[in-house]
Amino acid sequence: MGIPTPTNRTDPPVGVITTADGTLTQSDTVNLKQMVRWIRVTGAGTVKITGQDKVDATLAFTAGETRFVPAVRIWTNGTTATGIEGML
């Protein structure tokens, strides 16, 4: 993925979408309705994403971890982490 600019990392999130309330839907074929800039998980595991540059990556998260990872898709296959939240 491309290196994010510092301003993107420090801009506060404008909203949160989650798997818990159904506003974040994991899919192997369909992109998110809106790109997320940050990803947080409550349960440790992997999160497979398609980045804003259209490159797929699988990332290991610890429980409660939040990362700056601009993503247009969060995959079902290849994702084992739980309680995924995407911050806009």
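This passage walks through a predicted model of one protein chain, from its overall layout down to single side chains.

Some ground rules come first. Residues are numbered from 1 along each chain as its sequence is written, and side-chain values use heavy atoms, with hydrogens and water left out. Since the model is predicted, local features need pLDDT of at least 70 and side-chain atom pairs count only at pLDDT 80 or more, while totals for chains, interfaces and linings use all residues.

As for pLDDT itself (the predictor's confidence in each residue, from 0 to 100), the chain has a mean of 86, and 84% of its residues reach 70 or more. The start of the chain is another story: over residues 1–7, pLDDT stays under 50. For that stretch the model has nine contacts beyond four places in sequence, a contact being heavy atoms within 4.5 Å.

The layout is easy to list: one helix and six strands, following the pattern α-β-β-β-β-β-β along the sequence. Helices (H or I, at least four residues) and strands (E, at least two) are DSSP runs, numbered from the N terminus. Of the 88 residues in the chain, 38% are buried. Here, buried means under 20% relative accessible area, exposed means over 50%, and partly exposed is in between, using a 1.4 Å probe and protein chains only. Among the contacts with a separation of 6 or more, 68% come from residues 24 or more positions apart.

Next, the strands. Two strands count as paired if DSSP finds at least two bridges between them. E3 and E4 pair in the antiparallel sense over six bridges, with Thr46 having Ala60 in E4 as its bridge partner. These two strands form a hairpin with four residues between them, and in the turn Lys54 has a positive phi of about 70 degrees. E2 has pairings with E5 and with E6: four bridges join E2 to E5, running antiparallel, and three bridges pair E2 with E6, also in the antiparallel sense. Across the E5 pairing, Ile39 stands opposite Arg67; across the E6 pairing, Arg40 stands opposite Glu85. E2 is mostly covered, with four of its five residues buried.

Then there is the inside of the protein. A nonpolar core is a set of buried Ala, Val, Leu, Ile, Met, Phe, Trp, Tyr and Cys residues joined through side-chain atoms within 4.5 Å. The largest one has 16 residues, and those touching the most other members are Val36, Ile39, Val41, Val47, Ile49, Ile74 and Ile84. Strands E2 (36–40), E3 (45–51), E4 (56–61) and E5 (66–74) each give two or more residues to this core, and E5 gives the most, with three. Ile84 is a good member to look at: leaving aside neighbours within four places in sequence, Ile84 is in contact with a list of residues including Ile17, Leu24, Ile39, Val41, Val47, Ile74 and Thr79.

Thr79 sits in the loop between E5 and strand E6 (85–87). Thr79 counts as buried because its relative accessibility is 13%. Beyond four places in sequence, Thr79 is in contact with Gln26, Thr46, Val47, Lys48, Ile74 and Ile84. A polar atom of the Thr79 side chain also lies 2.6 Å from the backbone oxygen of Trp75. Such a polar contact is a pair of N or O atoms within 3.5 Å; within protein, one must be able to donate a hydrogen and the other to accept it, and residues adjacent in sequence count only if both atoms are side-chain atoms. Over in strand E2, the side chain of Arg37 reaches the backbone oxygen of Leu88 at 3.1 Å. Arg37 counts as buried too, at 13% relative accessibility.

Finally, the charged pairs. Side chains of opposite charge can pair when their charged atoms come close. A salt bridge is a side-chain nitrogen of Lys or Arg within 4 Å of a carboxyl oxygen of Asp or Glu, and a search of the whole structure finds two. In one, Arg40 pairs with Glu85, the closest N and O atoms being 2.5 Å apart. This pair links distant parts of the chain, with Arg40 in strand E2 and Glu85 in strand E6, 45 residues apart. Arg40 is partly exposed at 29% relative accessibility, whereas Glu85 is buried at 19%. In the other, Arg67 and Glu65 have their closest N and O atoms 2.9 Å apart. Arg67 is partly exposed, with a relative accessible area of 24%, and Glu65 is partly exposed at 22%.
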